[in-house]
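Student: Please take one part of this structure and examine it closely, beginning with the pairing of charged side chains and moving on to the contact between domains. I should like the cut-offs stated as each term arises.

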Amino acid sequence: MLTKYTFILFLLFLICLPDVGVAQQAWFKRDTITAVRVNGKTLVNPWAGGLNASQFHKMHLNGDDEEDLVVFDRTNNRVTTFLASAHPRDPGQKVYVHAPAYEAIFPRMENWMILADYDGDGLKDLFTSTSLGIRVYRQVKTGNVWSWQLQREVISTRGYSSVINLQVSGPDIPGIVDIDGDGDLDIITFDFAGESIELHQNMSMERFGVPDSLGTSVNPVYARNGDCWGNFHKGTGEDFVFNYPCGVSDGASGGSVLHAGNSILLRDLNGDGKPDLLIGHISNEHISFITNSTTGLAANFVSFTNTYPANAPVSFHIFPTAFMEDVDFDGVDDLIVAPGVSSNDGNMVDFKASGLLYHNAGQNNNPDFRLVKNNFLQDEMIDVGENAAPSFFDIDGDGDLDMIIGTGGMPGTTGFRGSLWLLTNTGTATDPVYEVTSENYLDLKTVLGLYNIKPQWADFNGDGVADLGFFGTSSTGLRPEFRYIPNKGTKTGAVQLSLSDAVSLPLPAEAQIGDSPFFYDTDGDGDLDMIVGKPLGNIYHYTNTGSNSQYVWRLETDALAGVGINYDGRFSHAVVADIDLDGKPDLLTVDHTGNVRIFHKAMWGQWTSRESQLIELNGKPATALLGRYLYLAVGDYNGDGKPDIAVGNNGGGLSVFENILSLVITGVEPPMQGTARVYPNPVKGNVKVLSSYKASLRISTVAGIVLKQNIPVQPNTEQEINTSGWVPGLYLFEIVGERYRETKKIVVHE
């Protein structure tokens, strides 16, 4: 850990470095170290990113003897990987530790994934959804290094009269399991109407004597067997109709395949040696346990209950989906249940606690499920529910950066309402430790009926002190709103905020639900302008032709930096900060691709470089897959003088990234043409500005928060600025004249 003394020596060392380019290198490294505490407990995986509608599967990730955990979240099509490891503070206990390096190995997926060994080589393969049906990847392994190899773009099956794609409706989750015990994997899935289960029997063993064939588009190994499977179909509501002949035989014939909203888990759940069913349906609140009376391929289901498990039955607002894996390391498979939805239907789901974990006190084939918690894995990470929107600011005036996180919302008696979480830095400026000190900062949730709250700190009223602004959606009027709370504290003291002082800002006519605004003085006239990431992916830029007391918006472009409407990059968010510390404002963007991009190497709006491989992965720059509905914040949270970033996602969690650029911080910056000096550097107390030309001075943090602006600088006359009480770190002094513009990087220390 850097002390403040060695921190200053480190910056002085950088001053002497030669110019180093940033091309072909990573900009950021994921932080998995910085601690977060909740009620005195230090979280194991604080920055894992949150979970909503999770699907749980185990496989070997790191080559040891213990299977690890892979979680796929349907709401953002994101994979999160965890290693089975010793607890970092209690080595005698095993836990799942977030291991993001493995996430990039997985292909882009949607709807669902299942890990199952189809070819009998002992390695689990990957089945996932495609608009055409089922896509299959084979696991290929050399030593401890493994990868996915696309094996089939789509699986075909033989119907009654022709070969067709084996269709699984997007909302469904099929069962992929060896039903007849012959060693190859059969597939059961609901039909187009969502009423009956279809059996697609794998004939690989019957035809070839080995299980490793998936067939071809013209010669499939799968065949539809019977009109349905199990001699039952769904009734109305949550009931089922039995004694419904399906006609399944020991051979296989064919039929039609196609539907919406069912999940299937096939296991022996009562110890009689016959595989039973756990079925979740998109319109049901409960999981259905259906009892099988027959062994073999031609199953016969005879009874059901919607009260399962008997001890603390599952009850979700919508679409419970069940998974069985040993997640508590006792060798017996447990039950995990999560909602199978792609979004928060009717805003009725509590995505902060959406993973029911039932410990199995029985055996694998005769389980005894006991509810342990309703927030499996979520209790060890920051998870605000959904749509986490972070911001950095020194809330308590102690010289380090705290965090305010806007939330999507939580269902309650007053409707679906968002709030602000306060994470107080109880560590230091260079060694942060965050404590969750409030989940309803300023009582925003009670007073204002807003959801999808997105905060930003900026000087909205022009008094030289950063205020708290927040954008959100009115839960009553279903309209976008932006307000700010004037900060009546000092520049360096604790904030003084009262929600009763909140001021509404006018929004442009084009404002809509789903916008992500960011305020920044783009034209240098002393008031805040606005850039807005739009739901369709483009970025609007507005200048404020009014003032800090009366905002008047003028649209300059609907495609800032050339970012226009694009489907893959929808729901964009953009921020402005000098990430590479070259004295010029950079534009960072996030969107539905899950990646972070940067536009840089030029003055505002004239960027000449765009880079998208910013995140270090295995020592190399790579793209990120951070989920959907991303929100970006910039701040030097670790006190190394370089701006870092935090990214919130719709899983309700955060990913934090440390700036690892090899930056040049020089004591005397080369002027463009004129001559201006800012000295001494580093500085403690007063810093002097001397210019050979008439100019104005603007001082900002590396995160783009303006501390002072429009300070007149007379030619050849020293202007003194008192830095006492400033947070130690790097500041940008921008000297702007009629013909010249220069930016100096100044280190302030105590």
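Tutor: The count of salt bridges comes to 20, where a salt bridge is a side-chain nitrogen of Lys or Arg within 4 Å of a carboxyl oxygen of Asp or Glu. The model is predicted, so local features need pLDDT of at least 70 and side-chain atom pairs count only at pLDDT 80 or more, while totals for chains, interfaces and linings use all residues. Residues are numbered from 1 along each chain as its sequence is written, and side-chain values use heavy atoms, with hydrogens and water left out.

Side chains of opposite charge can pair when their charged atoms come close. One such pair is Arg135 with Glu153, whose closest N and O atoms are 2.5 Å apart. This pair links distant parts of the chain, 18 residues apart: Arg135 belongs to strand S10 (residues 133–142), and Glu153 to the loop between strand S11 (145–152) and strand S12 (156–158). Strands here are DSSP runs of E with at least two residues, and helices are runs of H or I with at least four, numbered from the N terminus.

Another pair leads to the domain contact. The chain is divided into domain 1 (389–659) and domain 2 (676–748), with bounds that come from an automatic or database domain assignment. Between domain 1 and domain 2 the count is one salt bridge. The side chains of Arg698 and Asp521 form a salt bridge with an N to O distance of 3.5 Å. Four residue pairs are in polar contact across this interface, both residues being at pLDDT 80 or more; a polar contact is a pair of N or O atoms within 3.5 Å, where within protein one must be able to donate a hydrogen and the other to accept it, and residues adjacent in sequence count only if both atoms are side-chain atoms.

On the side of domain 1 that touches domain 2, strand S40 (573–577) and strand S46 (631–635) are the elements that give two or more residues.

The C-alpha centres of the two domains lie 25 Å apart. In total, 24 residues of domain 1 are in contact with 17 residues of domain 2, contact meaning heavy atoms within 4.5 Å. The area buried between domain 1 and domain 2 is about 1600 Å², and carbon and sulfur atoms give 59% of that area. Buried area is the accessible area (1.4 Å probe) that two parts lose on being put together, summed over both. Lys491, Thr492 and Leu581 supply 24% of the area that domain 1 buries against domain 2, more than any other three residues.

Within domain 2, the peptide bond from Asn681 to Pro682 is cis, with omega near 5 degrees. Pro682 is placed in the loop between strand S49 (676–679) and strand S50 (686–691).
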